[in-house]
Each structure stands twice: as structure tokens, then as C-alpha cells.
Amino acid sequence: MNKSVILGIDAWYPQVDGVTNVVKYYRENLKGEYDCEIIAPSYGDALDKEGERKYCAGVFHNRSLWVPLIGFRNSVPSSDRKLKKLLDKSNPVLLHAHSPFAICGYFIKYGKKHDIPVVYTFHTKFKDEFMRVTHSRLITAVMMSVIMRNIKKLEYVWAVSASSAQTLRSYGYKGKIKVMRNGTDMRVAGDEERAALSAEINKEYGISPDERVFLFVGRVVSVKNIKFSFRVIAELKKRGFSCKFFVVGGGEEIEPHKKYAEKLGVSDSVIFTGFVGDRGKLRRYYARANLFLLPSVFDNAPLVMLEAASLQTPSLVPAGTSSEELIKNDVTGYAEKLDETLWADKIEKIFSGADYAAVCKGCTSVVYTWEQAVADAEAEYRRIIAEYHGRAEEAEEACGELPAGQNG
């Protein structure tokens with residue numbers, strides 16, 4: 001009988017983002033000695049069933065409450081008796097929290113009571129996100145104190161990049177941090193497949209095969225810094241550089257972004273597609289793009305860069321950020337200081353030089369599959385479980401030894 005690992009997250013379908021995808025692919029790829037179940041907040045019976053059918057099965061939807069300011073439902077696991085019964089029945093060997101809120105706190109208490117190790121993965125720059133949503137330093141400080149109270153109780157903490165580990169240090173965590181990379185489910189495409197997928201986009205949108213196409217995939221929110229890319233497009237347009245920019249994703253800030261594109265005079269170059277959940281359809285956008293633009297300093301280890309690379313599309317990212325850790329500049333991708341003029345200069349240089357084709361081929365070397373990532377996680381699970389219970393046994397033995405002169 002396989003051992004049970006429980007993954008916990010405080011947001012779920014239909015609010016699909018990088019972290020929900022991580023949890024989904026962990027479950028799908030834990031195929032060795034571990035069985036896996038996901039605990040996620042309920043969004044109501046209809047949406048829960050839709051998520052199970054379209055997005056991911058094997059999810060226990062625990063009780064949740066709508067949070068007005070931040071626009072999603074938050075778990076309230078402590079008042080969910082069915083959740084406790086599920087955990088008692090599963091008899092998990094390890095609990096893995098992918099968010100530091102309610103489910104993490106619940107895992108800490110349950111793990112302590114039942115002698116189960118708890119792992120937490122740091123995915124998100126929460127301070128930036130809190131400020132984006134609340135626009136309040138006070139509320140941000142309160143929220144940070146809440147999540148750090150949980151994180152500081154944990155011994156086994158993972159981060160998705162070296163830079164994100166440093167961010168967590170800046171938040172005040174002083175324990176050990178293990179860097180565990182994320183992967184991608186997208187297989188590397190050959191030239192013929194890439195050409196065929198590109199042709200589909202050209203036909204659908206009436207784009208010339210010679211048109212330069214740039215791409216963003218993700219939530220359309222301010223912390224992703226998409227408006228910076230609009231300004232780069234505007235600068236390129238002034239120089240007579242023609243291009244199209246696909247913005248693939250949903251989010252509560254789409255309309256303000258559309259208005260900003262209109263204000264800059266680039267609305268004819270920017271194409272908003274909305275959320276694209278079908279992975280096959282999403283591959284077409286990656287295949288058609290000549291360059292993936294990711295000016296965000298918010299992302300810790302962007303899965304979208306790996307997805308783009310799998311379709312031979314290199315990324316342009318800000319120099320000195322977590323994103324740059326994934327590439328080698330001018331070899332497997334591109335990095336430049338976050339300045340609109342410098343990015344426009346860089347793009348012109350990329351497409352006027354002779355090395356672009358080699359970078360497109362080279363970028364596929366950064367692809368790290370979910371099979372690889374989860375195999376590494378399984379190995380670390382085994383080490384943690386052995387270490388955790390080994391120390392417990394040593395402690396029990398030490399407690400059983402009486403001082404000299406007190407035997408029998």
C-alpha cells in the first residue's frame with residue numbers, strides 16, 4: 001500500500017495561477033511510492049465539479065469564506081470536520097503546504113498532534129501582492145505578520161529559486177531553506193510542429209508569417225508589470241518596428257490595461273485573448289511568439305518561461321531577478337535592465353543579429369519537466385520522513401535512559 005502525501009493550498013480553480021498549477025502537476029506526477037490528495041477551498045458545488053472535470057481530480061474541497069478585498073475564497077479548515085476525517089483516514093506520512101495561510105496553520109497543528117512532518121513551499125512575494133490588493137502598508141504589515149507566524153514555526157521550508165529564498169530571508173525567516181525547482185508539462189516541440197502551430201495562429205488572427213510577435217501569459221494584474229511592455233511596444237512603434245503583442249490571461253485588471261494600451265496608442269498592436277485553459281491551444285501562442293516578454297520582478301520562478309522555452313521561444317526578463325536565474329543571457333534567453341529604452345534597444349539588437357536562431361534552439365535546454373521536478377521532491381520527501389522520525393526515535397531513547405544510580 002502506497003504512503004499518503006497531502007498537498008494543501010488556499011486558492012483553487014477557477015482562480016488558476018502558477019501555484020495551483022504546481023499543486024496539480026505534483027499530484028499528477030507523484031506516481032512512485034506515494035499517493036497524493038489535494039486539499040483546496042471550495043468555490044461552490046458547481047465550480048468544484050467543473051474543476052474536477054476540466055482541471056484536476058483528486059481534490060477535497062474544504063470549507064471556505066469569501067474574502068471581499070482580495071477577490072477569492074479563503075480556507076477555513078479548522079471548522080471542517082470532514083477534512084479531519086479525511087486526514088485521519090488517509091494517515092498521511094507528510095503534509096505539504098503550498099500557501100502560508102489557513103491550510104498551513106492547520107497542517108502545523110495536525111502534524112504536531114499526529115507526529116507528521118510538514119513541508120512548506122514559498123512561491124509568492126506576498127508583501128508585493130498584499131500592497132497591490134490593499135494599497136495599505138498597515139494591512140500589509142498585519143498580513144505579513146500572520147503568514148510569517150506560520151512560516152517561522154516550520155522546519156522544512158522550500159523555495160522555488162535562490163532569489164525567492166533571499167526574499168523569504170528578507171521577510172525574517174532564519175531557518176534552513178531548500179531550493180526545489182518547478183517544472184513544466186509542455187514537451188519540447190520540433191521545428192515542424194512549431195511551424196504548424198504558428199500557422200494556426202497566423203490564420204486565426206490574420207497575421208503575416210513575417211510579423212514579429214511577442215507574448216505574455218499569466219494573470220493580467222499590475223504586479224506582472226505588463227504596462228511596461230506596452231511602453232516598450234510604443235517605443236518600438238516610434239522607431240518603425242512593427243510587431244504584435246499577445247496578452248494571454250485573465251484577471252480583474254484587464255480593462256485598465258486595455259485603456260492604458262489605448263492611451264499609449266498601441267491598442268492596434270496589443271491583442272488580449274482572455275484566459276486560455278486548454279494546454280494544446282496555449283502551445284500555439286508559445287509557438288508563434290518570437291519572444292516572450294516578462295518584465296515582472298514579482299515572479300519567483302515563472303513556469304511560463306519554461307513553457308515558452310519548450311516551444312523554442314526565448315524570454316526577455318529583467319536583469320538581476322529570479323527570472324534571470326533560469327537563463328544565460330544571449331545564450332538561452334535574454335536579460336536587460338528594466339528600462340523601456342534599453343528593452344527596445346535589446347529587441348532591435350536581437351532581431352538584427354545573427355544569433356537569434358541559436359538562442360531559440362538553446363533555450364530548450366532550460367526546460368525542466370514535472371517528472372524531473374517531482375522525482376526530486378519525492379527523494380526529498382523520503383529524506384525528510386527518515387530524518388524526522390529518526391530524531392523522534394533518538395529522543396525517545398534518550399528519555400528512556402535514567403541517570404546513574406537510578407536504575408530499577
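The exercises below, each with a worked solution, concern charged side chains and one helix face in a predicted model.

**Exercise 1.** Identify which residues of helix 3 are buried, and work out how they are arranged around the helix.

*Solution.* Begin with the extent of the element: helix 3 covers residues 81-90, and its buried residues are L83, L86 and L87. Looking next down the axis of helix 3, one finds that these buried residues fall within an arc of 95°, so they line one face of the helix. Turn finally to the face of helix 3 directed away from that buried side, where the exposed residues R81, K82, K85 and K89 are carried.

**Exercise 2.** Determine which residue pairs with D268 in a salt bridge, and where the two partners lie in the chain.

*Solution.* The partner of D268 is K237, and the closest N and O atoms of this salt bridge are 3.0 Å apart. The pair links distant parts of the chain, since D268 sits in the loop between helix 10 (254-264) and strand 12 (270-274), whereas K237 belongs to helix 9 (residues 226-238), 31 residues away. As a last step, consider the accessibility of each partner: D268 is partly exposed at 47% relative accessibility, and K237 is likewise partly exposed, at 37%.

**Exercise 3.** Describe the salt bridges that R382 and R383 form within helix 15, and decide for each partner whether it is buried or partly exposed.

*Solution.* Take R382 to start with: R382 forms a salt bridge with E378, in which the closest N and O atoms are 4.0 Å apart. Because R382 and E378 are four residues apart in helix 15 (residues 370-400), about one helical turn separates them. With buried meaning under 20% relative accessible area, E378 counts as buried at 10%, while R382, at 37%, counts as partly exposed.

Now apply the procedure to R383, whose side chain meets that of E380 in a salt bridge with an N to O distance of 2.9 Å. R383 and E380 both lie in helix 15 and are three residues apart, which is about one turn of the helix. Here E380 is buried, at 8% relative accessibility, and R383 is partly exposed, at 38%. Elsewhere, salt bridges with shared partners join E235, K238, R239, D345 and E348 into one network, and the structure holds 23 salt bridges.

**Exercise 4.** Find which residues form a positive surface patch together with R149, and place R149 in the structure.

*Solution.* The patch is formed by K109, K112, R149 and K153. Of these, R149 is located in helix 6, which spans residues 137-151, and R149 is partly exposed, with a relative accessible area of 48%.

Note on methods:
Residues numbered from 1 in each chain as written. Predicted model: local features only at pLDDT ≥ 70, side-chain atom pairs only at ≥ 80, totals over all residues. Heavy atoms only, no water. Patch = residues over 30% accessible without salt bridge, like charges linked within 9 Å, V, L, I, M, F, W, Y side chains within 5 Å. Areas by Shrake-Rupley, 256 points an atom, 1.4 Å probe, with all protein chains shown as cover. Lys, Arg positive; Asp, Glu negative; His and termini not counted. Charge placed at Lys NZ, Arg CZ, Asp CG, Glu CD. Helix = DSSP H or I, 4+ residues; strand = E, 2+ residues; numbered from the N terminus. Buried < 20%, exposed > 50% of the residue type's maximum accessible area, 1.4 Å probe, protein only. Arc of directions from axis to C-beta.
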